[in-house]
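Reader: I should be grateful for a close look at one part of this model, namely its aromatic side chains and their surroundings. Please keep the account connected.

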Amino acid sequence: MNSDVLYITLYTLLGSALGTFIILLVARYVPGLIDRLTPNIDEQKEIVRGNQAAAQFYGLVSAAIIIGAVSYTHLRAHETEAALVCRL
């Protein structure tokens, strides 16, 4: 029983040390590798492009929500007893 606890502790410590080493190794070398593979990319332009794409997407989503709400309100304004708009 005591040997099991010793092995568990040993494997836990070795696993955490190895995992930390791998993360530090990746953090050290991957950014340089990416810079070498993509030398002609202007980061500021890419950030601006990404921000514009996100703004356009959220603008379209917001417009769709507003149009949906306006359309429902418009239908409700014209409803009669004979033609009720579905109310969930």
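Author: Tyrosine 11 is a suitable place to begin: with a relative accessible area of 58%, it is exposed. On this scale, buried means under 20% relative accessible area, exposed over 50%, and partly exposed in between, with a 1.4 Å probe and protein chains only. The model is predicted, so local features need pLDDT of at least 70 and side-chain atom pairs pLDDT 80 or more, while totals for chains, interfaces and linings use all residues. Residues are numbered from 1 along each chain as its sequence is written, and side-chain values use heavy atoms, without hydrogens or water.

Two aromatic pairs are found in the whole structure. In one of them, the rings of tyrosine 7 and tyrosine 11 are stacked, because their centres are 6.4 Å apart and their planes lie at 25 degrees. Rings of Phe, Tyr and Trp (its six-membered ring) pair if their centres lie within 6.5 Å; planes under 30 degrees apart count as stacked, over 60 as edge-to-face, and the rest as tilted. Tyrosine 7, at 47% relative accessibility, is partly exposed. The two tyrosines, tyrosine 7 and tyrosine 11, are four residues apart in helix α1, and about one helical turn therefore separates them. Phenylalanine 57 and tyrosine 58 make an edge-to-face pair, with 5.1 Å from centre to centre and 75 degrees between the planes. Phenylalanine 57 is partly exposed at 49% relative accessibility, and tyrosine 58 is exposed at 54%.

Helices here are DSSP runs (H or I, at least four residues; strands are E, at least two), numbered from the N terminus. Helix α1 covers residues 2-37 and contains phenylalanine 21. Its 36 residues reach 51 Å from first C-alpha to last, close to the expected 52 Å, a span taken as 1.5 Å times one less than the number of residues. At tyrosine 29, α1 has a kink of about 30 degrees, shortly before proline 31; the bend is the angle between axes fitted to the seven residues ending there and the seven starting there.

Phenylalanine 21 and tyrosine 29 also belong to a nonpolar surface patch of about 760 Å², together with Leu18, Ile22, Leu25, Val26, Val30 and Ile34. Patches use residues with over 30% relative accessible area and no salt bridge (a side-chain nitrogen of Lys or Arg within 4 Å of a carboxyl oxygen of Asp or Glu). Like charges are joined within 9 Å, and nonpolar side chains (Val, Leu, Ile, Met, Phe, Trp, Tyr) within 5 Å. Areas come from the Shrake-Rupley method with a 1.4 Å probe; for residues, only the protein chains shown count as cover.
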